[in-house]
Amino acid sequence: MLAEIDRLGGIRFLAASHVHGYGALWQLQDAFRPEVLAIQKEDLWLTKAFRVTRPYDEALELRPGLTLHHVGGHYEGQAVLHDAGRRILFCGDAFKVDQDVEGNSLAVSTHKAFHKNIPLTPGEVKRYREVIAGLDFDTVCTPFEHAPGIGRDIALAVLDDQLRGPPEVRHIPLPELRRSTAR
C-alpha cells in the first residue's frame, strides 16, 4: 500500500477522525513526511508513535472546501472532515449507518460506543448538532459505510431524536427519518 500511495503522489496532510485511527499514522508519517493534524484534546496521550506537526482548535481548512471540524463525542478529540465540493461528510464514528449486503442504507444511529451500545450525553449530541447544522452534504462516509442519501437533514433528524428523550442508542429506520425531515 505504501508503494501505491507513493505512486499516486504521497500524502500532504495526515489526520484521523479519532484515536482508533492513530495506529498506522506513524508509518505514514515516516514514509511521506506529511503535516500531521490533530485537535489538541486529551486523546493525544493515547499514542506517542507519531508527532503532531499542525495542531488546530475547532476547525481547520486544509484547502478551500475541505475542512476538519472538531465534534468530540465518541472521543474528546473526534473530528469530521467536510468535503463541500463533493458534498460528503467523512464522519468517523459520529454516525453508524446500518446497510444491507448490497450497501443500501436501512437505519442510522449515533453513539459513544457502538459495539457496547453506549449513548452519547445530551451535551455531546448538542455539539454534534451545532457543527453538523452548518455543513452541507448529501453523503456520509463512516469507516465502514459509504452512504449516499444520508445528508444533513437525515443526520440532524437522528440528533434531534436523541435530544427528545433520555440518552439511548437507537437505530432509526431510514423511512422514519425521511418522514421526520418532510414535516
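Two residues are in contact when they have heavy atoms within 4.5 Å of each other. With that in mind, start with the whole chain of this predicted model. Among contacts with a separation of 6 or more, 47% link residues 24 or more positions apart.

**Stop 1: the whole protein**

Colour by secondary structure and you will find five helices and twelve strands. Of the 183 residues, 45% are buried. Switch on the surface next: the protein exposes about 9900 Å², and carbon and sulfur atoms supply 52% of that area.

**Stop 2: the six-stranded sheet**

Now select the strands of the open sheet, which follow the order S4-S5-S6-S7-S10-S11 with mixed pairing. At its edges are strand S4 (59-63) and strand S11 (146-148), each of which pairs on one side only. Look along the sheet and follow the twist, which averages 20° from one strand to the next. Strands of a sheet pair through backbone hydrogen bonds, either parallel or antiparallel.

Zoom in on the S11 edge. Strand S10 (residues 139-141) runs antiparallel to S11, and three bridges join the two. Pick Thr139 and look across: opposite stands Pro148 in S11.

**Stop 3: Asp83**

Stay with the sheet and move to strand S6 (residues 79-83), where Asp83 has its place. Is Asp83 buried or exposed? Its relative accessibility is 9%, so Asp83 counts as buried, the cut-off for buried being under 20%. Show the side chain of Asp83: it reaches the backbone nitrogen of Gly85 at 3.3 Å. Leaving aside residues up to four places away in sequence, Asp83 touches Gly65, Leu66, Ile88 and Phe90.

**Stop 4: the S8–S9 hairpin**

Next, select strand S8 (residues 96-99) and S9, which run antiparallel and are joined by four bridges. These two strands form a hairpin with five residues between them. Click on Gly103 in the turn, which has a positive phi of about 90°. Then find Val97, whose bridge partner in S9 is Val108. Keep Val108 selected for the next stop.

**Stop 5: the nonpolar cores**

Which residues does Val108 touch, not counting those up to four places away in sequence? They are Phe95, Lys96, Ile150, Ile154, Val158, Arg170, His171, Ile172, Leu174 and Leu177. Val108 also belongs to the largest nonpolar core, which has 27 residues; Phe95, Val108, Ile132 and Leu177 touch the most other members. To see where helices come in, show H3, helix H4 (152-163) and helix H5 (174-182), each of which supplies at least two residues of this core. H4 gives the most, with six residues.

Apart from this core lies another, of seven residues, and you can locate it by selecting Ile5, Leu25, Leu28 and Phe32, which are among its members.

**Stop 6: Thr121**

Finish at the loop between strand S9 (105-109) and helix H3 (122-132), where you will find Thr121. How is Thr121 classed, buried or partly exposed? Its relative accessible area is 40%, so Thr121 is partly exposed, a class that runs between the 20% limit for buried and the 50% limit for exposed. As a last step, draw a distance between the C-alpha atoms of Thr121 and Leu163: they are separated by 9.2 Å, although the two residues are 42 residues apart along the chain.

Technical notes: Residues are numbered from 1 along each chain as its sequence is written. This is a predicted model: local features need pLDDT of at least 70, side-chain atom pairs count only at pLDDT 80 or more; totals for chains, interfaces and linings use all residues. Side-chain values use heavy atoms; hydrogens and water are left out. Buried means under 20% relative accessible area, exposed over 50%, partly exposed in between (1.4 Å probe, protein chains only). Accessible areas come from the Shrake-Rupley method with a 1.4 Å probe; for residues, only the protein chains shown count as cover. Two strands pair if DSSP finds at least two bridges between them. Axes are lines fitted to C-alpha atoms, for helices over the stretch in contact, and angles run from 0 to 180 degrees between N-to-C directions. A polar contact is a pair of N or O atoms within 3.5 Å; within protein, one must be able to donate a hydrogen and the other to accept it, and residues adjacent in sequence count only if both atoms are side-chain atoms. A nonpolar core is a set of buried Ala, Val, Leu, Ile, Met, Phe, Trp, Tyr and Cys residues joined through side-chain atoms within 4.5 Å.
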